[in-house]
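Here's a quick briefing to help you find your way around a protein fold. Have a look at the structure below, then work through the points.

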Amino acid sequence: MNLFNFFRKKENTDEPKLTKDSILKSFSVLSESNNIDIQKFVDFDLRKPEKTYDDSYATDEGYKLRELLLLVWIGRVKNGRDRNKPIPKYFLYDYDLNEQNTINTFKKMGLVSIDEDETMRLTKKGENLSRKYNSLWSMHSFKNGTVNIDLHFGGWNEISYTIAQNNIRIKYISQRKQYFEAVLAACSKTHEDLPDYPKKEIKIIDKELQELTKINNNLK
C-alpha cells in the first residue's frame, strides 16, 4: 500500500456520520426549499402542557386543592409517614407547597396527628376529608397528559379525560403526518430517492394512531 492510499483510507474512515440533529436540520432545509411551512399544518397549541394547578377552585373547607393533595398523600400508607423524611420533591416543584406550614396547619386543625416517634397519621377527621378529595390522586397520577387539578376537579372522570387527551394527541400527530406527506409529495417531483426520515415518522405515527384509537374504543 503506497502512502497516498494509506491517507485516503484514513480519511474515509473519519468521515462524519449523520446525527439526529443533522438529519432534522437537513429535513428542515428540504421543507423550506419546497416552500412547505409546518406552521400551516400543525397547531402547536395542542401539545402545550397545562399548569398543574391555578388555585381557582374554592373548597368548602378553605384549603387549596394542592394542599389537600398532600393530605391525601399522607393517608395513602397504613403505617403513617415519617415526619422527619421530606415530602417528594415533585410536590415542591409541581405544586409549590410549603411543607412545614401545610403540615403544621393540618395538625392544628386536627387533620393529622404526629406520634412520639414522629410518625404522621390522618385523624378520623383527616380521613373523612381525604376521602372527599381522594380523586386528586388519580388526577395527579394521570399519565397521558398534564391535569390542572383546579380546572378538572369538578366532575372528574378519568376515563372521559383519557379519551379527550387521546383525541388531542390523535389530532396533533395526524397534522404532523399531513406535513410529512406534503414534503414527500413535493420531493417525489424533484428527487429520485425520497428522504428516509419522513417515511419513518409516518410509520411511527400510523402505529401510534392505531394504538390510541384502540385504547379509546376499549374505554367507550
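Among contacts in the protein with a separation of 6 or more, 65% are between residues 24 or more positions apart. Keep in mind that this is a predicted model. Of its 220 residues, 34% count as buried.

**The overall layout**

- You can count ten helices and three strands in the protein.
- Starting at the N terminus, the elements go α-α-α-β-α-α-β-β-α-α-α-α-α.
- The protein exposes about 14,800 Å², and carbon and sulfur atoms supply 50% of that.

**The sheet**

- Three strands make an open sheet in the order 1-3-2, and the pairing is antiparallel.
- Strand 1 (81-82) and strand 2 (112-114) are at the edges with a single partner strand each, so each has one side without a neighbour in the sheet.
- How many bridges link strand 2 and strand 3? There are three, in the antiparallel sense.
- If you want a pair to look for, Val112 has Leu122 in strand 3 as its bridge partner.

**Helix 6 and its two sides**

- Which residues of helix 6 (residues 124-132) are buried? They are Gly126, Leu129 and Ser130.
- These buried residues lie on the same side of helix 6, because they cover an arc of only 100° around the axis.
- The general idea is handy here: an α-helix has 3.6 residues a turn, so residues three or four places apart point the same way.
- Flip to the other side of helix 6 and you'll find Lys124 and Arg131, which are exposed.
- What do the buried residues of helix 6 pack against? Their partners are helix 3 (65-74) and strand 3 (119-122).

**Two loop residues with a positive phi**

- As background, most residues other than glycine have a negative phi.
- Asp96 isn't a glycine, yet its phi is positive, near 50°.
- Look for Asp96 in the loop between helix 4 (89-95) and helix 5 (99-108).
- Is Asp96 buried or exposed? Its relative accessible area is 51%, and the cut-off for exposed is over 50%, so Asp96 counts as exposed.
- Glu118 is another residue other than glycine with a positive phi, this time near 65°.
- Glu118 is in the loop between strand 2 and strand 3.
- With a relative accessibility of 30%, Glu118 counts as partly exposed.

Conventions
Residues are numbered from 1 along each chain as its sequence is written. This is a predicted model: local features need pLDDT of at least 70, side-chain atom pairs count only at pLDDT 80 or more; totals for chains, interfaces and linings use all residues. Side-chain values use heavy atoms; hydrogens and water are left out. Buried means under 20% relative accessible area, exposed over 50%, partly exposed in between (1.4 Å probe, protein chains only). Helices (H or I, at least four residues) and strands (E, at least two) are DSSP runs, numbered from the N terminus. The arc is that of the directions from the helix axis to the C-beta atoms. Contact means heavy atoms within 4.5 Å. Two strands pair if DSSP finds at least two bridges between them. Accessible areas come from the Shrake-Rupley method with a 1.4 Å probe; for residues, only the protein chains shown count as cover.
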